[in-house]
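User: Could you take me through one part of this model in detail? I'd like a close look at how the helices pack, and then at whatever surrounds the pocket.

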Amino acid sequence: MDETVRAYAVSKVAMLNDEDLSDYLLQLVQCLKLERNHDSVLLRFLLRRALRNPHVVGHYLYWLLRAELHDEKCHSRFHLALETYLTHCGCHRRLLRKQAVVCNNLELITKTVMRIPKKEGARRREVLKREIEEISWPEEFEISLWPGYNCRGVDASKC
């Protein structure tokens, strides 16, 4: 837990270009759980790089932090990190908000469909298609798994 050693490690990671850094973001986000304080050299580094390159680093940092919000041990730390990023990321916030709306809609649809027993496959598909058609999708949105891949909705007939 030596702060000097941790700062040195972050200085070495900082030498990576953004594409290579994004390959290690999952592990670095997990390292945030082990920090002594919410404010750390590692978190500041990740936020700086995410703000400098929101489409390569920021996008993945946002979703990796958000994926950990269910964990009570790190919820407040990751929520604070997300709020900090969203406060300063400018127009990238709008893209992330649309992605979050799409993911939330898909989660609601999934929960509805999962309540129907598996043996009623035809009914499940019918409900899935109806639910997808009834959702008000953003006019255009990026897919959260592939930033830069734009969509204009979901074709229920192909689900």
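Analyst: Happy to! Let's start with a pair of helices. Helix 1 passes helix 3 in a right-handed crossing. Helix 1 covers residues 3-13 and helix 3 covers residues 41-52; their axes lie 9 Å apart, and the packing angle is about 20 degrees. Angles under 35 degrees count as roughly parallel, so helix 1 is roughly parallel to helix 3. Please keep in mind that this is a predicted model.

A second pair can be described in the same terms. Helix 2 (residues 18-32) and helix 4 (residues 54-67) have axes that come within 10 Å and cross at roughly 25 degrees. That angle makes helix 2 roughly parallel to helix 4. The crossing of helix 2 and helix 4 is right-handed.

To place these pairs in the whole chain, count the elements: the protein has 7 helices and 2 strands. Reading from the N terminus, the order is α-α-α-α-α-α-α-β-β, and the C-alpha trace spans about 60 × 30 × 25 Å along its principal axes.

The two strands deserve a look of their own before we reach the pocket. Strand 1 (141-143) runs antiparallel to strand 2 (residues 146-151), and 3 bridges join them. The connection between strand 1 and strand 2 is a hairpin through 2 residues. One bridge to find on your screen is that of F141, whose partner in strand 2 is C151.

F141 and C151 also bring us to the largest pocket, since both are among the residues that line it. This pocket holds about 180 Å³ of space. Helix 6 (92-114) and strand 1 each supply at least two residues of the lining, and the largest share, 4 residues, comes from helix 6. If you want to pick out the lining in your viewer, select Q99, V102, C103 and L106, then F141, E142, I143, S144 and L145, and finally C151, G153 and V154.

What is the chemical character of that lining? It divides into 8 nonpolar residues, 3 polar ones and 1 charged one. E142 is in the lining, and Glu counts as charged, while F141 and I143 are lining residues too, with Phe and Ile both counted as nonpolar.

To bring the pocket together: helix 6 gives the largest share of its lining, strand 1 supplies at least two residues as well, and C151, the bridge partner of F141, is another of the lining residues.

Key:
Residues are numbered from 1 along each chain as its sequence is written. This is a predicted model: local features need pLDDT of at least 70, side-chain atom pairs count only at pLDDT 80 or more; totals for chains, interfaces and linings use all residues. Side-chain values use heavy atoms; hydrogens and water are left out. On a 1 Å grid over the protein atoms alone, a cavity is a set of points where a 1.4 Å probe fits but cannot get out, and a pocket is an open set with protein on both sides within 12 Å along at least five of seven lines; lining residues have an atom within 4 Å of a point. Grid points are joined across faces, edges and corners, and a volume is the space filled by probe spheres set on the points. Two strands pair if DSSP finds at least two bridges between them. Axes are lines fitted to C-alpha atoms, for helices over the stretch in contact, and angles run from 0 to 180 degrees between N-to-C directions. Angles under 35 degrees count as roughly parallel, over 145 as roughly antiparallel, 65 to 115 as roughly perpendicular and the rest as oblique. A crossing is left-handed if the near helix is turned anticlockwise from the far one by less than a right angle, and right-handed if clockwise.
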